[in-house]
Amino acid sequence: MIVCVAVIGQQNNPLFLQSFTQEDDDLKLHHIVHCSLDVIDERVNNPKRSGIAVNEAFLGLLYPTESYKVYGYLTNTKVKFILITADPEVRDADARNFFRKFHVAYVDAVSNPFHVPGKKITSTSFSRKLRSIVDNLGSITTV
Amino acid sequence: MGREVSESCIDALITEMVSSYCNRFYVNKPEVSARRIEAIGYQVGIQLSERYTVERPRFSEHLEAIKFICKEFWSELFKKQIDNLKTNHKGTFVLQDNRFQWLTHMSINASAETTDSSQQEPHSPNSTTLDANLLQATSMHLYFPCGIIRGALSNLGIPCAVSADASNLPACSFVIRIKA
């Protein structure tokens, strides 16, 4: 089950965070997302050691916590997408696919002329779209 | 699958935007209208660069990003690539478009058309005011594309200043100076 998705801006400023649990755990999730930023930094600055394809947007599994796994994706414009999932096993292909859809949804959201670049994303349709993408991935991984 | 936009509508919209800013909102304050138009371009550039870099690996150096602007970005906007790219390898790039879409409707003024000399000598006495007007109108139309380039590059992590030169219509060159 996907616990949370987040968008982090160029200056590591949080742009968007959506939790898919029923609990009131935003603070904890913010903390996990915040920790993942260091891992992203490390990956990007030492691409050789981490063994990912150089300059690919998808960064793979960033780090596992006790109960969650954190995946990352870094766009060309230095915007980070974070996925926190409670599933023990997520295939890379699924995660990649998820982030691709996520990215397209993000681009649509920031192309809104009333959106100010660098400010939090408040669009409800973005949040709705994300929910459907998340549900979609959820149905793949549970099958 | 990208959505399509009518070319003539965009041309008309831009002409109208420039004329609104220059002749209605900020009459006699060309530098303010220029700033406003550039700012619109800047935001458009940010949004477009976000869209056109989806599914691309990240750029590792400035030249790659500039090449992206010259090729893919320009093709998406104008269905053609930049015709000529020059650089001094010290952070200055000159992008030349031999037939810049948004200037194709600019009339080269009557005096310049009848006597070729006035185009080469823009300061000959009788054509000075005409040429000055033409030059100003042209340069107003160039703030928008300059803003687009600046927005796209700064969103890709390259802060820069962009200026344009269209002394040779309808060719146009954009000068990008990357801030160290």
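**Note on a predicted two-chain model**

1. In the largest nonpolar core, which has 36 residues, the members that touch the most others are A:Val5, A:Ile82, A:Leu83, A:Ile84 and A:Phe102. The elements of chain A that supply two or more residues to this core are the strands S1 (2-8), S3 (58-64), S4 (69-74) and S5 (80-85), together with the helices H1 (26-45), H3 (92-110) and H4 (124-142). Helix H3(A) makes the greatest contribution, giving eight residues to this core. As with everything below, this reading rests on a predicted model.

2. A:Phe102 deserves a separate look, since contacts that are distant in sequence can be listed for this residue: leaving aside residues up to four places away, A:Phe102 touches A:Val5, A:Phe81, A:Leu130 and A:Ile133. Apart from the core of chain A there lies another core, of 32 residues, and its members include B:Phe100, B:Ile148, B:Leu156 and B:Ala166.

3. The sheet of chain A is open and consists of five strands in the order S2-S1-S5-S4-S3, with antiparallel pairing. Strand S2 (14-19) and S3 of chain A are at the edges and have a single partner strand each, so one side of each is left without a neighbour in the sheet. On average, and with direction ignored, neighbouring strands of this sheet are turned by 15° against each other.

4. At one edge of that sheet, the antiparallel strands S3(A) and S4(A) are joined by five bridges, and A:Phe58 has A:Tyr73 of S4(A) as its bridge partner. Helix H1(A) packs on the sheet, where it touches S1, S2, S3, S4 and S5 of chain A, and its direction makes about 125° with that of S3(A). Helix H3(A), in turn, lies across S1, S3, S4 and S5 of chain A and runs at about 130° to S5(A).

5. Where the two chains meet, 14 residues of chain A are in contact with 16 residues of chain B. On the side of chain A that touches chain B, H3(A) gives the most, with four residues, and the residues of that side divide into six nonpolar, six polar and two charged. Helix H3(A) is therefore a helix to inspect twice, as the element that gives the most both to the largest nonpolar core and to the side of chain A that touches chain B.

6. Chain B contains six helices and four strands, which follow one another along the sequence in the pattern α-α-α-β-β-α-α-α-β-β. Of its 180 residues, 30% count as buried. Among the contacts in chain B with a separation of 6 or more, 58% are between residues 24 or more positions apart.

7. Helix H2 of chain B, residues 30-52, has 23 residues and reaches 32 Å from its first C-alpha to its last, which is close to the 33 Å expected at 1.5 Å a residue. The buried residues of H2(B) include B:Ile37, B:Gly41, B:Tyr42, B:Gly45, B:Ile46, B:Glu50 and B:Tyr52.

8. Which residues of strand S3 of chain B make up its covered face, and which its uncovered one? B:Cys160, B:Val162 and B:Ala164 form the covered face of this strand (residues 160-165), whereas B:Ala161, B:Ser163 and B:Asp165 form the uncovered one. In a regular strand the side chains alternate between the two faces of the sheet. S3(B) pairs with strand S4 of chain B (residues 172-178) in the antiparallel sense over six bridges, and B:Val162 has B:Ile176 of S4(B) as its bridge partner. The hairpin that joins S3(B) to S4(B) does so through six residues.

Definitions and conventions:
Residues numbered from 1 in each chain as written. Chains lettered and ligands numbered in written order. Predicted model: local features only at pLDDT ≥ 70, side-chain atom pairs only at ≥ 80, totals over all residues. Core = buried A, V, L, I, M, F, W, Y, C linked by C-beta atoms within 7 Å. Buried ≥ 20, exposed ≤ 12 C-beta atoms within 10 Å, placed from the backbone. Contact = placed C-beta atoms within 7 Å. Nonpolar A, V, L, I, M, F, W, Y, C, P; charged D, E, K, R; others polar. Expected span 1.5 Å × (residues − 1). Pairing = 2+ DSSP bridges. Axes fitted to C-alpha atoms, helices over the stretch in contact; angles between N-to-C directions.
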